[in-house]
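Visitor: Could you take me through one part of this model up close? I'd like to see how a single helix sits among its neighbours, and then how some other helix pairs meet.

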Amino acid sequence: TKKMPLFSKSHKNPAEIVKILKDNMAILEKQDKKTDKASEEVSKSLQAMKEILCGTNDKEPPTEIVAQLAQELYKSGLLVTLIADLQLIDFEGKKDVTQIFNNILRRQIGTRSPTVEYISAHPHILFMLLKGYEAPQIALRCGIMLRECVRHEPLAKIILFSNQFRDFFKYVELSTFDIASDAFATFKDLLTRHKVLVADFLEQNYDTIFEDYEKLLQSENYVTKRQSLKLLGELILDRHNFAIMTKYISKPENLKLMMNLLRDKSPNIQFEAFHVFKVFVASPHKTQPIVEILLKNQPKLIEFLSSFQKDRTDDEQFADEKNYLIKQIRDLKKTAP
């Protein structure tokens, strides 16, 4: 494809580019004979739009033209159309849409982020992106745009507190490895980026979230299982999530699950499980059911931990933590009821 001249001959202004793009997207939606020509026009217009937003190698884009383009994108509803019809756009065009979307999302006027405000008012944009994980030819593009959205707390909040958030539990289990991994990256971002928001979300939705989460910890998919365990360790050790941690380690079924995972066939899973298990044992405020499980398994646990992952010789912190846990378990006494 030839590089199109930069406005020199055509001098299309943002309003014209948006109109051409909108008209040609409408033709693509019909999916009849004329789509080849329309497809070409869409590619050219996206290219022109990208050049307005990102500038060219040698010059920054002029702010007033960028502002004009942003306004047109909001006003015409084209931003929504580009996401809704992403599947109809060719490979290069999909990349351009992603770049245009992320670029316009980062745009600030003083402390305001106009695109964040626009998406907050049209939240179905977020849910279209999320549903993109179900369509292999756009899943990874949608993931890139979704993670850009998650950087902005108001948008992360809309996703977390929506019914659709629970769809992540099915997306991270998808059989296509790169899509499942991408979904997990977004899921992790949502649960770690905005600490105060996440703590509030987890406290309000503890039961449903951890019920779903438990299934991930028992996943048939090794990667999902390992990533989920690692993330769980990160979540309960984050000081913002103190209330969540306290609740999590008070429940005997969680301790039983970690004790099973300590014996998993994969050393990596054992190791990640150890980092969650240690929180149960090290807690100075163990609930009675937790103490009872540890006492009932006291000799077995001491023996097990003494020889647990002996080959990790270069990891001094791990050795110290292991010894500390052994001591804690050894010193447990039956308390009078």
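Guide: Sure. A word on terms before we zoom in: a residue is called buried when its relative accessible area is under 20%. Also keep in mind that this is a predicted model.

Let's look at helix α11, which runs over residues 177-192. With 16 residues at 1.5 Å a residue, α11 should span 22 Å, and its end C-alpha atoms are indeed 22 Å apart, so the expected and modelled values agree.

Now for what α11 tucks away. Its buried residues include the aromatics Phe184 and Phe187, along with Ile179, Leu190 and Leu191. Ala180 and Ala183 are on the list too, and so are Asp182, Asp189, Thr186 and Thr192. As for what they pack against, the buried residues of α11 meet α8 (139-150), α9 (153-160) and α10 (168-171). They also pack against α12 (195-204), α13 (206-217) and α14 (222-237).

Follow that last partner a bit further. Leu235 is found in helix α14, and it counts as buried because its relative accessibility is 6%, against a cut-off of 20%. Leaving out residues up to four places away in sequence, Leu235 touches Leu191, Thr192 and Asn241. Two of those names should ring a bell: Leu191 and Thr192 are among the buried residues of α11. There's also a C-alpha separation to note here: Leu235 and Val198 are 37 residues apart along the chain, with their C-alpha atoms separated by 9.7 Å.

On to the helix pairs. Helix α17 (residues 267-282) packs with helix α20 (residues 316-330) at an angle of about 40°, their axes being 10 Å apart. That angle makes α17 oblique to α20, and the crossing is left-handed. On the α17 side, the contact is made by Phe271, Phe274, His275, Phe277, Lys278, Val281 and Ala282. From α20 come Phe318, Glu321, Lys322, Tyr324, Leu325, Gln328 and Ile329. Sorted by type, the contact residues of this pair come out as 9 nonpolar, 2 polar and 3 charged.

The other pair is helix α1 (residues 14-30) with helix α3 (residues 63-76): their axes come within 9 Å and cross at roughly 35°. This crossing is right-handed. Pro14, Ala15, Val18 and Lys22 of α1 make the contact with Ile65, Gln68, Leu69, Glu72, Leu73 and Ser76 of α3. These contact residues divide into 6 nonpolar, 2 polar and 2 charged.

Terms used:
Residues are numbered from 1 along each chain as its sequence is written. This is a predicted model: local features need pLDDT of at least 70, side-chain atom pairs count only at pLDDT 80 or more; totals for chains, interfaces and linings use all residues. Side-chain values use heavy atoms; hydrogens and water are left out. Axes are lines fitted to C-alpha atoms, for helices over the stretch in contact, and angles run from 0 to 180 degrees between N-to-C directions. Helices (H or I, at least four residues) and strands (E, at least two) are DSSP runs, numbered from the N terminus. A crossing is left-handed if the near helix is turned anticlockwise from the far one by less than a right angle, and right-handed if clockwise. Contact means heavy atoms within 4.5 Å. Ala, Val, Leu, Ile, Met, Phe, Trp, Tyr, Cys and Pro count as nonpolar, Asp, Glu, Lys and Arg as charged, and the others, Gly among them, as polar. The expected span of a helix is 1.5 Å times one less than its number of residues. Buried means under 20% relative accessible area, exposed over 50%, partly exposed in between (1.4 Å probe, protein chains only). Angles under 35 degrees count as roughly parallel, over 145 as roughly antiparallel, 65 to 115 as roughly perpendicular and the rest as oblique.
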